[in-house]
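Me: Please take a close look at one residue for me. Then show me how other spots in the protein compare.

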Amino acid sequence: MKHFVAPSLLSADFGNLKSEMDMINRSECDWLHIDIMDGVFVPNISFGFPVLKSVARLCEKPLDVHLMIVQPEKFLNEVKALGAYSMNVHVEACPHLHRVVQQIKETGMKAGVTLNPATPVSSLTDIIEDVDIVMLMAVNPGFGGQTFIPHTLDKVRELRRMIDGSRSKALIEVDGGVNRDTGRLLVEAGADVLVAGSAVFHAADAIEEIRVLKNL
């Protein structure tokens, strides 16, 4: 399978969201990645559902919604109402993770779980066959433009072995510090989905940058 590319809305120009979404629609990207932050689980606040309703109306790509918030299950209906393709929650924020994963799947969305840099892949052993996507944070979540944590490559390889050794069909997604160089290493290690923020939206030619990332 050719890997997917999911530009991260967090790095877009919010003063020109329509033109940014026009670019996304014309590009070869597969998903639009959306980071929702609450200032509690992570030390920043991004955007809420009123803004995202406009984004959903303008964007023709599937929405990959990543909730960096406490009690993400409270917003199942709001995420579903966006027409989201997937809803991704943090292992660290969900003490009853199996229940939340099942609730996401019951809505018809793909269920994703995310691991922070210090959270081991082994924490997924008992749920790997229930999830559709596993996202590894390659930076500490909360801010765009951070430097890639090299140990993420080892985690991708470990996760690839876990998935291949089970009945799981989960995709491996990586978010944080992804660019041409780190993206190539991640794909070689076994990643299926590259989330790229600054590398895409701050590029001189965003459409060309997406094309390059798709063809690593």
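Reply: Start with Thr182, which sits in helix α6, residues 180-189. Helices here are DSSP runs of H or I with at least four residues, strands are E runs of at least two, and both are numbered from the N terminus. Residues are numbered from 1 along each chain as its sequence is written, and side-chain values use heavy atoms, without hydrogens or water. The model is predicted: local features need pLDDT of at least 70, side-chain atom pairs count only at 80 or more, and totals for chains, interfaces and linings use all residues.

Is Thr182 buried or exposed? Thr182 is buried, because its relative accessible area is 12%. The cut-offs are under 20% for buried, over 50% for exposed, and partly exposed in between (1.4 Å probe, protein chains only).

Now look at what Thr182 touches. Set aside its neighbours within four places in sequence, and Thr182 is in contact with Phe148 and Gly177. Contact means heavy atoms within 4.5 Å. His202 is another reference point: 20 residues separate Thr182 from His202 in sequence, and their C-alpha atoms are 17 Å apart.

Step back to the whole protein. There are eight helices and eight strands. The C-alpha trace spans about 45 × 35 × 30 Å along its principal axes. Of the 216 residues, 54% are buried. Sequence distance matters for reading the contacts too. Take those between residues at least 6 apart: 65% of them join residues at least 24 apart.

Next, find Glu20 in helix α1, residues 17-26. Glu20 has a relative accessible area of 13%, so Glu20 is buried. Beyond the neighbours within four places, Glu20 is in contact with Ala12, Asp13 and Phe201. Val55 makes a useful pair with Glu20: they are 35 residues apart in sequence, yet 9.8 Å apart from C-alpha to C-alpha.

Move on to Leu58, in helix α2, residues 49-58. Leu58 is partly exposed, because its relative accessible area is 26%. Outside the neighbours within four places, its contacts are Lys18, Met21 and Asn25. Pro120 lies 62 residues from Leu58 in sequence and 37 Å away in space, C-alpha to C-alpha.

Now go to the core. The largest nonpolar core has 66 residues, and Leu9, Ile34 and Leu159 touch the most other members. A nonpolar core is a set of buried Ala, Val, Leu, Ile, Met, Phe, Trp, Tyr and Cys residues joined through side-chain atoms within 4.5 Å. Helix α5, residues 152-164, gives the most to this core, with five residues. Apart from this core lies another, of nine residues; among them are Ala6, Trp31, Met137 and Val139.

Zoom in on Ile34. Again leaving out neighbours within four places, Ile34 is in contact with Leu9, Phe47, Leu52, Val55, Leu63, Asp64, Val65 and His66. Val55 appears here again, as a contact of Ile34.

Last stop: a loop. Gln71 is in the loop between β3 (63-68) and α3 (76-81). Its phi is near 50°, a positive value in a residue other than glycine. Most residues other than glycine have a negative phi. Gln71 is partly exposed, because its relative accessible area is 44%.

Finish where you began. Thr182 is buried in helix α6, while Gln71 is partly exposed in a loop.
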